[in-house]
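Okay, thanks for coming, everyone. I'll put the structure up on the screen, and then we'll walk through it together.

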Amino acid sequence: MSQAAHQADDVTCTDADLVALLRAGDEEAISQLVEQWSPTMFRLARSFVASPQSAEDVVQEAWLGMLSGLARFEGRSSLRTWTFTILVNRARTRGAREARTVPQPPLAARGEPSVDDWFPAPGDETARSWSSIDAASRWDTAPESAVLSREALLELDRAVSALPPRQRQVVTMRDIGGMSAEEVCTALRITPANQRVLLHRARATLRTALAGYYRG
């Protein structure tokens with residue numbers, strides 16, 4: 001690994017350091033960043049567009065937009081917030097275009113139970129593990145527990161996919177991507193109060209889904 005790429009992987013690396021690496025065209029730094037952010041970017045894009053292929057296209061467009069626009073990046077927000085804002089704008093545009101040509105089924109009504117916050121805080125290892133089903137094996141070393149954890153993650157993934165788009169977007173960014181409330185509000189252009197309500201409802205629905213799975 002190059003010294004520059006090692007710096008990009010260092011938790012003490014500032015946004016300014018990272019931007020400098022990217023502007024210099026450090027391929028390892030770019031590769032690491034794509035690997036870290038792309039799973040959450042794909043999940044977020046998928047909540048706006050009609051197919052996985054469209055979501056993949058949006059993610060690629062967002063990366064190209066971010067890298068080509070680095071010269072204009074002024075640091076008014078974090079690099080991650082800026083990148084996810086580009087992603088959301090691309091995804092919204094594509095989703096709107098698809099909606100004009102592809103009939104969309106109505107969202108099914110569902111109950112929204114009220115519960116206390118239950119999911120791990122942003123940045124928690126279990127929250128990050130949502131982005132990869134294989135990460136379930138880290139929850140427990142016993143084979144039986146690993147299988148159960150993997151099944152639970154699959155059930156959770158299905159429940160996330162069934163959420164209303166706005167709830168899915170917020171919980172994806174907060175609990176899967178480990179992003180802050182401020183980052184979510186900036187990227188999605190929503191108020192802090194709206195962000196809290198959407199996150200609370202999404203977490204409540206997901207907790208109910210998991211409770212049903214474990215009772216079963």
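So, confidence first, since this is a predicted model. Which element has the lowest mean pLDDT, and which the highest? At the bottom is helix α6, residues 125-128, with a mean of 43. At the other end sits helix α9, residues 181-188, with a mean of 96. There's also a low stretch at residues 1-11, where the pLDDT is below 50. The model still gives that stretch 21 contacts beyond near neighbours in sequence. And then there's residues 104-141, where pLDDT stays under 50 as well. For those, the model has 69 contacts beyond four places in sequence. Please keep in mind that where pLDDT is low, the predicted coordinates should not be read in detail. For the chain as a whole, the mean pLDDT is 79, and 72% of the residues reach 70 or more.

Right, now the overall picture. What is the chain built from, in helices and strands? Ten helices and zero strands. If you read along the sequence, you just get α after α, down to the end of the pattern. There are 216 residues in the chain, and 41% of them are buried. Now look at contacts with a separation of 6 or more: 67% of those come from residues 24 or more positions apart. As for the surface, the accessible area is about 11,700 Å², and carbon and sulfur atoms account for 53% of that.

Let's look at how some helices pack. Two packed helices are described by the angle between their axes and the distance between the axes. Take helix α4, residues 52-68, and helix α5, residues 79-99. Their axes come within 9 Å and cross at roughly 135 degrees, so α4 and α5 are oblique to each other. The crossing there is right-handed. If you want to find the contact on screen, look on α4 for residues including S54, V58, A62 and M66. On the α5 side, the residues in contact include W82, I86, R90 and E98.

The second pair is helix α8, residues 165-176, with α9. Again the axes come within 9 Å, and here they cross at roughly 140 degrees. That makes this pair oblique, because oblique still applies at such an angle and roughly antiparallel takes over 145. The α8 and α9 crossing is right-handed too. Here α8 brings R166, Q169, V170, M173 and R174 to the contact, and α9 brings A181, E183, V184, A187 and L188.

Okay, two single residues before I stop. Is A152 buried or exposed? A152 is in helix α7, residues 143-161, and its relative accessibility is 4%, so A152 counts as buried. Leaving out residues up to four places away in sequence, A152 touches L210, Y213 and Y214. A152 and A209 are 57 residues apart in sequence, with their C-alpha atoms 9.9 Å apart in space.

The other one is G177, in the loop between α8 and α9. With a relative accessible area of 22%, G177 is partly exposed. What does G177 touch, not counting residues up to four places away in sequence? T40, R80 and T172. And G177 has a C-alpha separation of 9.8 Å from S38, which is 139 residues away along the chain.

That's it from me, thanks for listening.

Technical notes
Residues are numbered from 1 along each chain as its sequence is written. This is a predicted model: local features need pLDDT of at least 70, side-chain atom pairs count only at pLDDT 80 or more; totals for chains, interfaces and linings use all residues. Side-chain values use heavy atoms; hydrogens and water are left out. Helices (H or I, at least four residues) and strands (E, at least two) are DSSP runs, numbered from the N terminus. Buried means under 20% relative accessible area, exposed over 50%, partly exposed in between (1.4 Å probe, protein chains only). Contact means heavy atoms within 4.5 Å. Accessible areas come from the Shrake-Rupley method with a 1.4 Å probe; for residues, only the protein chains shown count as cover. pLDDT is the predictor's confidence in each residue, from 0 to 100. Axes are lines fitted to C-alpha atoms, for helices over the stretch in contact, and angles run from 0 to 180 degrees between N-to-C directions. Angles under 35 degrees count as roughly parallel, over 145 as roughly antiparallel, 65 to 115 as roughly perpendicular and the rest as oblique. A crossing is left-handed if the near helix is turned anticlockwise from the far one by less than a right angle, and right-handed if clockwise.
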